[in-house]
Each structure stands twice: as structure tokens, then as C-alpha cells.
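Here are some notes to read beside the sequence and the structure. Please keep both in view and find each residue as it comes up.

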Amino acid sequence: IISLVTNHFIIHYHRMAMNSDEQEENKLKGFEDTSMIKTRKARLCKHRFFLDDEKYSYGYGRGIQVVVAFLVGLSLILVIGGLFLPSLKLQFAGVVGILIGFIDPASSEIVVSSIDIVPLVAEGADPDTKTQMGILFLQLVYIIFIAITPMLLMALYVTIFFAKLTLKEQKTLLVAAEIVFAWEALIILVVSYLGAVFQISQLASFIANSATNDFCNFAEDQLLSLGFDSSDAKCLDVIASIVPSGYIIVLGTFIFVFTSIIMFRLTHTAIEDREWLNKYKIARKAGNQEQMEQLKRKAHHPLKHKGFILGPLIRAACMKYRRRGRNNRGGSYEETNTVFTAANGGVGAGAPPPQTTTTTGIFGSKKESESSQVSNPMFPVGTTPFPDDDDDIEV
């Protein structure tokens, strides 16, 4: 627990230091302050990447939206269902197991689910208040870490990716998702099941031998000499195995982790790109060409991401869109999925006169007049906004 909390603080202050260094660098170079970014709300699932291309743009397509929804839904179904289905079978063997079989045959073998473990923790405990409070604390921690945190994490993924949020809200929810992911314990539960299968027999023998001062070793030798089977000759043996329905929680956990990897890559990449774009807007509004060029160099082309996971994932998630802007002039997307271009360096002089153009889309052709556009204070005089990304044509 101390290690996790310490890591959260270290990451937080590291990010603060990086932002502070960036602003100090901006001051030294005479760049605009980009620490206070105010954005309108946008969906990351429809994010268009920060590019200066004349005809095409790249952004998350409908395919990755369907894949994300499918993976999140499948993870929730498998995890929630797997928690309530029988998962682990414990069979008592040895002398103690034989005695239990004579006294109560049903107790010699038990099958439990992950949720069944909660009431089992309290069995045989002292009824005093201190002991019961400690057991209640363990039960709450167990339920929170294996059941509540996975559902909360999936809800955060869906909200970040599909909901209309400002950049600040998206960054805040992404940090919250990182914290929740660090504390969820589904994979620890699966590892504990595997540990029980391979190690619980040795642990039971060790406990029995330690409690009886090696009497069990002596008794085992005597029973073996009388012809007893090696498993029945032990004082106490516990055999654990995963029942067929238990593999649902194992599969659900691996799909859950796989979904988390994909979601963190998709959301972090889009949020980082959106942040670069809005910093670019600040520099553009101030007319700082050097800062604009520096920010453009920092932004990544979506198809040129490197990495074993990130590169193929972003390339598969992105679709190519043909811009339907006036005069086919190139530009870069802003955070509300609107493209802007600079005519003659973003100044009014020399800007083309108002004219009527025709754009062709999936619903036919329409004529539009540039002079009828509503001016946008975020862009310098002479810029030409493009239609929203939703009006772009998939290529």
C-alpha cells in the first residue's frame, strides 16, 4: 500500500515538474504561456489528429469505437459472471480427510466462487468486536479491489472515450483511471488461484508437521509401511483445482487487462495530441511562428507511432478522411473537430475574396458562400474554417 501511494505521488510531482520546465523554457524563448488551456467539449472517439495535410486527415474511425464497446462489455460480463460462478475446488485428503469423510462426507470436498470467499473469512472467528471489525475490514477491501474497481475502471474508460468532455476533464479522468487500475486486484486473484493449485498441498503439510512436532512424519512412515497410499498416509493434505466454470474469471481477467492496455494507449495518445493542438492554437493566435513550428515537430503523425503495442494499435484504429474544405486548402484540426487553415500566413492581406464553392458529400451537393461564415476569434483574420469532422468522407 505504501509503495502504491508513493508511486502516485512521484508520478504526480514528476508531471508537475515537466510542465513547469516547459513553461520556463517558453519564457526563456519568448514563447506564449500554454499552461492555461481552455477548450470546448469533444469526444476522443472522434478525435482528428494534429496534421498539416492538404487533402487528408486521420482520426479514430467507427471500427475502433465498436471494438472498444465490445471489449468493455465483454470484460464486464466475464468478470462479473466469473466472480459468482464456482471457481475453485478444495479436496481434503490424508488422515484428517478420511476422518472428515466419515463424520460429514459433504465437507471433505468444497467448491467455492470468488464471492463465496467473503463469508468464509468470518467462519470460526472469535465473536468479540475487535475481531469482527478486522474481518469486516478484510471483506470490504476484498470486495472493493476485485469487484468494484474493475467496474469503476470500465465506466471511466467509456466516459473518457465516448463522452463530450473538455481537455482538462479528460486528463483528470485519465489520471483517475490510472489510479484505479493500479489498485484493482483481479490479476492477483487469478494468480492466487494458480498458487493454490500448485502450492496449497505443500503448505498444508508444512502446517500439519509444524503443529505436531514431526508426529505426522512418524505417522506417515508407519502408514506407508502398512500399505496406505502416499496421499492417504499424510496427516493432512489439501488438493486444489480450478473447475471448468472457473476459467471464465481467468479469461475475463486477461481480456480486462488487454482492454485496459488498449484504452490507455488510445486515450493517452488522443489527449496528448489534443493538448499539442491547443498549445499550437495559442501560439498561432499570438503569431509566434517559431513556437508553432516547435509544437508541430513535437506532435506525432498517427501512422508513425513507434512501439510494439502503440504503433500497430494506432495504425489499426485510425481511418483516413478526405477533407471537404473550401478550395482544398490544408490545415490542422482544433479540439472541437473543426479544421482551420491560414491563408497567406494567417493575415488578412491578400486573402481570397468571398466566393461560392460546391462541396459534394454522401447526401449530395450543396453551395456555400465563404462570406456567410461566422467569424471565430480563435483564428486570425484570413483563415478559413472547414466543416466538422463528422462531415468528412472516409477514404
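1. In this predicted model, F181 is partly exposed, since its relative accessible area is 28%, whereas F264, at 15%, is buried. The rings of these two residues, F181 and F264, have centres that lie 5.6 Å apart and planes that meet at 70 degrees, and because an angle over 60 degrees counts as edge-to-face, that is the name this pair receives. The pair links distant parts of the chain, for F181 belongs to helix α6 (residues 167-183) and F264 to helix α9 (residues 247-286), with their positions 83 residues apart in the sequence.

2. How many aromatic pairs does the structure hold? There are six aromatic pairs, and another of them joins Y60 to F161, whose ring centres are 5.9 Å apart and whose planes stand at 40 degrees, so that this pair is tilted. Y60 sits in strand β1 (residues 56-60) while F161 sits in helix α5 (residues 129-162), and the pair therefore ties together parts that are 101 residues apart in sequence. Both partners are buried, as Y60 has a relative accessible area of 1% and F161 has one of 0%. Ring pairs also link F49, Y60, F161 and F162 into a cluster, which you may like to pick out in the view.

3. The largest pocket deserves a slow look, and its volume comes to about 1500 Å³. It is lined by 36 residues, and those closest to its centre are R15, N19, K171, V175 and E275. Which helix gives the largest share of this lining? The answer is α1, with 14 residues, and α1 (2-29), α6 and α9 each supply at least two residues of the lining. Helices α6 and α9 are also the ones that hold F181 and F264, the ring pair of the opening point. By type, the lining residues of the largest pocket divide into 13 nonpolar, twelve polar and eleven charged.

4. Strand β2 (residues 86-93) can be followed towards two partners. With strand β3 (residues 109-113) it pairs in the antiparallel sense over five bridges, and in this pairing P86 stands opposite S113. With strand β4 (residues 237-242), strand β2 is joined by six bridges, and these two strands also run antiparallel; here A93 stands opposite D237. As background for looking at such strands, in a regular strand the side chains alternate between the two faces of the sheet.

5. On the cysteines, a careful reader may ask how many disulfides the structure holds. The count is zero. Two cysteines can still be described by their surroundings: C45 is buried, with a relative accessible area of 2%, and C318 is buried too, with a relative accessible area of 10%.

6. Helices α5 and α6 each offer a further residue to examine. A155 is found in helix α5 and is partly exposed, with a relative accessible area of 39%; its C-alpha atom is separated by 9.4 Å from that of A177, which is 22 residues away along the chain. Is K168, which is found in helix α6, buried or exposed? K168 is exposed, with a relative accessible area of 66%, because the word applies to values over 50%. The C-alpha atoms of K168 and R40 are 9.9 Å apart, although 128 residues separate the two along the chain.

7. Two more positions complete the note. V121 lies in the loop between α4 (117-120) and α5, where it is partly exposed, with a relative accessible area of 37%, and the C-alpha atoms of V121 and L136, 15 residues apart along the chain, are separated by 9.2 Å. F218 lies in helix α8 (residues 215-225), and at 49% relative accessibility F218 counts as partly exposed, because exposed would require a value over 50%. Between the C-alpha atoms of F218 and K234, which are 16 residues apart along the chain, the separation is 9.9 Å.

Terms used
Residues numbered from 1 in each chain as written. Predicted model: local features only at pLDDT ≥ 70, side-chain atom pairs only at ≥ 80, totals over all residues. Heavy atoms only, no water. Phe/Tyr/Trp six-rings, centres within 6.5 Å; stacked < 30°, edge-to-face > 60°. Helix = DSSP H or I, 4+ residues; strand = E, 2+ residues; numbered from the N terminus. Buried < 20%, exposed > 50% of the residue type's maximum accessible area, 1.4 Å probe, protein only. 1 Å grid on protein atoms, 1.4 Å probe; cavity = no way out; pocket = protein on both sides within 12 Å on 5 of 7 lines; lining within 4 Å. Points joined across faces, edges and corners; volume = space filled by probe spheres on them. Nonpolar A, V, L, I, M, F, W, Y, C, P; charged D, E, K, R; others polar. Pairing = 2+ DSSP bridges. Disulfide = S-S within 2.5 Å.
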